[in-house]
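Hello,

Here is the structure I promised to pass on to you. Have a look at it first, and then read on for what turned up when I went through it.

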Amino acid sequence: MTGGSWALWTSRVLWAAVGISGWSALDTALNGRGAAARLAVGVAAWIVFGIVVVALVVPSTVSLTVVRMTAPLALVAAIVSWVSGSGAARGAAFVAAAAVNAVVILGGDVGEIFAQASAYGDEHRFPLRPPVPYVVPVVLSWCVWAAATVGGVLLAATEWWFVGVAVLIVAAVLTWLLLPRYHRLSRRWLVVVPAGLVIHDHLVLAETLLVKRAELASLGLALAQTEAADLTGPASGHAIDVAVRETVKVAFATTRAKTEGRAIHARSFLVAPTRPGRALKCAADSRLPGR
């Protein structure tokens with residue numbers, strides 16, 4: 001199996017561990033509480049668990065977005081259950097399983113296998129790392145959404161039905177607003193195809209960039225002082241420097257601050273796949289020019 005396959009199966013096993021440890025911890029935390037609390041928490045827990053199970057069983061770019069948005073809710077639930085009296089051992093087991101699972105699911109190996117599951121024909125997709133300017137807004141918006149989702153369930157569990165339903169409606173609206181935006185991060189790839197390279201990134205670029213095999217001069221890890229055009233966002237970590245024989249036109253996407261995106265003609269540019277070494281190996285196996 002590839003690294004991505006191992007990561008996918010690991011995430012499935014870990015999610016099963018989340019379900020088992022979560023059932024035990026939540027049951028203990030709800031001990032002595034009313035039927036309404038058990039019903040609200042139980043229904044919410046089964047919905048979240050089922051959504052992630054389906055997403056993990058049927059990998060695709062859509063299910064990658066769903067699982068990355070939904071699975072970390074288990075960590076929030078684990079912390080709440082521990083504070084609410086699940087006990088040290090059960091609470092720690094639930095938190096540990098949920099935390100490790102979240103790390104694996106958010107990792108590049110799982111992202112690669114989900115992206116490749118939606119690939120067409122003879123192409124190899126390598127997800128791109130998120131641009132640094134987007135990380136904080138994504139984390140903060142997710143925290144607000146998670147607070148509304150878990151908070152609504154807890155309010156319903158304490159029989160504050162009207163307030164709980166109102167908060168859950170807010171969570172549903174946030175889901176509708178945020179899911180397409182998060183999905184744009186799942187649809188950013190460096191793609192190795194028989195014809196050459198494709199950079200599919202509508203977060204940074206106005207249109208998909210295709211560099212034909214004959215146009216490629218070299219690919220390799222970017223040097224610290226490179227003068228290549230930065231198409232990473234910018235993103236942190238190692239990038240791949242793609243040099244071409246003739247200049248290629250690169251059109252950048254518009255932003256709220258700029259209604260018209262700028263365009264440049266570049267002889268080399270940077271892309272930042274989550275696994276640059278694996279992307280370069282695939283390019284070499286496809287006989288694309290390295291350096």
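A word on terms before the tour: a residue is called buried if its relative accessible area is under 20%, exposed if it is over 50%, and partly exposed in between. Please also keep in mind that this is a predicted model.

Let me begin with the tryptophans of helix α7, which spans residues 132-157. Trp 142 has a relative accessibility of 17%, so under the 20% limit it counts as buried. Trp 145 is buried as well, with a relative accessible area of 6%. These two residues sit three apart in α7, about one helical turn. As a general point, an α-helix has 3.6 residues a turn, so residues three or four places apart point the same way.

How many aromatic pairs are there in total? The count comes to three. One of them joins Trp 46 and Phe 49 in an edge-to-face arrangement, with 6.0 Å from centre to centre and 90° between the planes. Both residues belong to helix α2 (residues 35-57), where they are three residues apart, or about one turn of the helix. Trp 46 is exposed at 64% relative accessible area, while Phe 49 is partly exposed at 24%. The α7 tryptophans make a pair too: Trp 142 and Trp 145 are tilted, at 6.2 Å centre to centre and 55° between the planes. Why tilted rather than edge-to-face? An angle over 60 degrees would count as edge-to-face and one under 30 as stacked, so the 55° between these planes makes the pair tilted. Back at α2, Trp 46 and Phe 49 form one aromatic cluster together with Trp 15.

Two arginines lie over aromatic faces. Arg 12 is over the face of Trp 9, at 4.5 Å from the ring centre. Arg 262 is over the face of Phe 252, at 4.4 Å from the ring centre.

Helix α4 (residues 73-83) is worth a look down its axis. Its buried residues are Leu 73, Ala 74, Ala 78 and Ser 81. Viewed along the axis, the buried residues of α4 fall within an arc of 140°, so they line one face of the helix. Just after α4 comes Gly 85, which has a positive phi of about 110°.

Now for the backbone elsewhere. Which residues other than glycine have a positive phi? Among them are Glu 159, with phi near 70°, and Arg 287, with phi near 60°. Glu 159 is in the loop between α7 and α8 (161-186), and it counts as exposed at 52% relative accessibility. Arg 287 lies in the segment after α9 (276-285) and is also exposed, at 75%. There is a cis peptide bond as well, joining Gly 233 and Pro 234 with omega about 0°. Pro 234 is found in the loop between β6 (229-230) and β7 (240-251).

One last stop is Val 173, in helix α8. Val 173 has a relative accessibility of 43%, so it counts as partly exposed. From Val 173 to Ser 84 the separation is 89 residues in sequence and 28 Å in space, C-alpha to C-alpha.

Best wishes

Technical notes: Residues numbered from 1 in each chain as written. Predicted model: local features only at pLDDT ≥ 70, side-chain atom pairs only at ≥ 80, totals over all residues. Heavy atoms only, no water. Phe/Tyr/Trp six-rings, centres within 6.5 Å; stacked < 30°, edge-to-face > 60°. Helix = DSSP H or I, 4+ residues; strand = E, 2+ residues; numbered from the N terminus. Buried < 20%, exposed > 50% of the residue type's maximum accessible area, 1.4 Å probe, protein only. Lys NZ or Arg CZ within 6 Å of the ring centre and 35° of its normal. Arc of directions from axis to C-beta.
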